[in-house]
Amino acid sequence: MRFFPVAGLAIVLSSLAPAQVAPRRLHFAPDRTYDLIKTVTTLDVDADRQRASGSVVATISMLRDGVTSVHFDTSADQVSGVLVDGKPARFTRSGGSLEIDVPPSKRGQVHRLNFRIEGRFFRWTNPTAEEPNRIGFCAEGLAAQPVGWAPPNDLSSTEISLTVPTAWTVISNGSPVSDTPKGSGRHTVAWRLDQPHAGYLNSLAAGPFDLFRDTWRGKPLIMTCPKGMGDRLESTFAPTKEILSFFSDILNFPYPWPKYAQTVVYEHEGYAEEDVSATQYPLYWRQDGGFMSNSREGMNPTAWVIAHETAHQWFGDTVTCKDWGDTWLNEGMATYMEMAYTLHSRGQLESLREFEAYSQRYFDHSRTDFRPVATNFYSDSLGMGGWTTYMKGGTTLDSLRRQIGDKPFYEGLHQYLARHQFSNVESNDLCEDLSEASGVNLHPWFDQWIYKPGHPVIDWSWSYDAARKLAIVHVRQTQDTSRGAPIFDVPTHVALIDDQGLRRTPIHLNAADQTFEIATPSVPKAVIFDPDHDFLRELPKQPWTAEELPYVFLHAPNPIDMEAAMNRLLDGNPTDETLRMIAGRLRRDTQPFPAIRDTSRLVKLGRGVLHDFVVAETSHANYDRRANAVAGLGMSDQPRLHQLLGDDQPYDVVAAALRGLSTLDFASVREFAMTQAAKATYPALRRTALEVLADHQAPGWDAAILETATEHHRPLIRELGLRALSRLPHDDPRVAASLRSALASRDQKIVTDAIDLVGRLKVKALAPELQRMKAQGQHVADVDAALKALAS
Ligand SMILES: [Zn+2]
């Protein structure tokens, strides 16, 4: 299953909008009449026509006596013949379904079926003016092995042999078998994977690629991307070995496949795919940069998705959900393992931040797609792919680990992998293995978190009973239980803060309305409910008083509570004393992944008392902290700002320094801005340079924008050039010319951006162009919206 990145959230949500989703119904893994043992695919690729032809040979073993026809799925445009055990067989085709007559057979009897096929099969890429190396194709699942069993409940070994132009690399599942010249500038490349795996995890990518090879614990690693970008492969995939080691060791289950290939492809923008031993990533990924990054573009910004897809090599690929109703066994588990890697590689604070971010993503999603994590009652496989599956699955597993302890938890996962490797699993298998390893009967836990919908929504408050010397903590679970959400049974803590520090007391939630009494000799300075964020809970409002906030800020073990307290302390007009207290705490928050990342509100106060703090922050190990601090530097800090333009700085810091200097002394950065406007490859820096030039109407500012919007630039740069056209007079004929050229781009993202801009900038001269596109059925919804904007 696909993993949608943050940037793809809009795609996920729109595709799950109720109106577009098939009605929910009961699903079970489909019946099988045979066991698919192996498929061998041989395809001759005609790169000019973007088609391929050849054969798939499937070896099957019958599961029942007396079966006379078998079902296969196919992505072929044409199936011109089927042989069963060498003899022509009758078959019928209906869409992607094939029914083939077989001689009446006994259970265990083996047949070989040979399908002659022809089709387009793959996702082909076409060169553009921006990207002349946009050549070749990628494919997954049934497109990569064009005849097979599409649902996840049959696993087989595969072999593929592909004849392509000699200049092309071919990456697929398993191990390379052969690479043979074929004459006339072509070669035949074969790959084979003996371990059984689900058909949806088959993978192919071919084209003129750059490669970076490495080894890890004796196994080959292959990192691949479109030709011309290879200089970024090593830095982009730098975390790979540590991720493989961490997962292998903590699961006590070595990486199970013969090699690991990671291929960056032009197609499938916005999601990655965890094909067995051959993950594919999209070149266009983040809002403000590509998948491929170097060390100045952020702190391994795609490490998390590399960890997620690599985790699938165990969860999803080694053990595979039997039916899409249990998609969370693939996706929730991969999300959890990625969170575990965050904890391992970035520390507790970053891990807790991620837990909160994923919780919020799930809460938002659950308002439109309310369902259990695992269920047989769903619309279709896409309907099981939302954030409930990923984020509720991942965060609840993390809270289960904390509840039963690391050792039993990971021993349970080891047992689950060892028992079910190369076979299908259901949620109950995971429940049994975790229960056995921990000694805790986890059926109640699975029942409330996995098989029922919803989550706790907490409303809490506290008071002090001076006579009885008790802190009284009142907790209500306010979730709507009318649609099946339970009242949750959860162990957690309450923390009391006094001058000695923070003290936790365990409490047990198991009713809608509960009161807990905690003995304490004097009034606590502050109280925190669930101070470690032990479980997935929505807490719309913290009841802290103004007097409690400094204590929460200084003592909260969770960065989310700490940040919430800080932001409330910054409301209104904070005193110098408060600001000194905050800065003093933040000065100790020095980790590369600190408790507080967003200091922008504090810095933007521009208060003198913070000046030394702000200057120190411009050297913070965390890039966000460093970039935020720049906004707090003033006239007297210009030497420091000039240092921050240096080649040793992250691009976001350079962009912030450029913006800061442009307001203080534009002349001192005009040349630098001109250079970055023409050459910067990092979109945010290029955009800042163009904006700074436009803000000051520097000579050539308009030409710089128009140049960036031309087709000579890769889409991420061209896009920002197009957006910057809004700075020019909208009736400038050069704006219309630029957008007209973008409307004709072969890159569909450029085209949709241009359509939107025609509407927003009201470029009436292009109305006929839009009408023509509408008549031809191109991007009709976008075009309609733009035409409406033009008319208004
Ligand atoms: Zn995934």
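A disulfide is taken here as a pair of cysteine sulfur atoms within 2.5 Å. By this criterion the structure, which is a predicted model, holds zero disulfides. The sulfur of C431 has its closest cysteine sulfur in C321, at 17 Å, and this separation is too far for a bond. The same distance applies from the other side, since the cysteine sulfur closest to that of C321 belongs to C431, 17 Å away. Both residues are nevertheless withdrawn from the surface: C321 counts as buried because its relative accessibility is 0%, and C431 is likewise buried, with a relative accessible area of 1%.

The model contains a zinc ion whose protein donors are NE2 of H308, NE2 of H312 and OE of E331, at 2.0 to 2.1 Å from the metal. Along the chain these donors follow the spacing H-x3-H-x18-E. Distant parts of the chain are thereby linked, with H308 located in helix α4 (residues 303–312) and E331 in helix α5 (residues 328–366), 23 residues apart. H308 counts as buried because its relative accessibility is 0%. E331 also counts as buried, again at 0% relative accessibility.

Helix α5 also takes part in aromatic contacts. A search of the whole structure returns 32 aromatic pairs. In one of them, the ring centres of F246 and Y341 lie 6.2 Å apart and the ring planes meet at 55 degrees, so the pair is classed as tilted. This pair connects distant parts of the chain, F246 lying in helix α3 (residues 240–250) and Y341 in helix α5, 95 residues apart. Both partners are buried, F246 with a relative accessible area of 11% and Y341 with one of 5%. A further pair is formed by W328 and F446, with an edge-to-face arrangement, a centre-to-centre distance of 6.1 Å and 65 degrees between the planes. Here too the contact spans distant parts of the chain, from W328 in helix α5 to F446 in helix α9 (residues 443–449), a separation of 118 residues. W328 and F446 are both buried.

F246 and Y341 additionally belong to a cluster linked by ring pairs, in which they are joined by W216, F247, Y255, Y260 and W314.

Aromatic rings are also approached by charged groups. The charged end of R402 is positioned over the ring of F355, 4.8 Å from the ring centre. R483 lies over the face of F370, at a distance of 4.2 Å from the centre of that ring.

Among the β-structure, four strands form an open sheet in the order β8-β9-β5-β13, with antiparallel pairing. The edge positions are occupied by β8 (91–94) and β13 (147–148), each of which has a single partner strand, so one side of each is left without a neighbour in the sheet. The partner of β8 is strand β9 (residues 97–105), and the two pair in the antiparallel sense over four bridges. Within this arrangement, F91 stands opposite I100 in β9. In general, strands of a sheet pair through backbone hydrogen bonds, in either a parallel or an antiparallel sense.

Key
Residues numbered from 1 in each chain as written. Predicted model: local features only at pLDDT ≥ 70, side-chain atom pairs only at ≥ 80, totals over all residues. Heavy atoms only, no water. Donors = N, O, S within 2.8 Å, 3.2 Å for Na, K, Ca; no water. Buried < 20%, exposed > 50% of the residue type's maximum accessible area, 1.4 Å probe, protein only. Pairing = 2+ DSSP bridges. Phe/Tyr/Trp six-rings, centres within 6.5 Å; stacked < 30°, edge-to-face > 60°. Lys NZ or Arg CZ within 6 Å of the ring centre and 35° of its normal.
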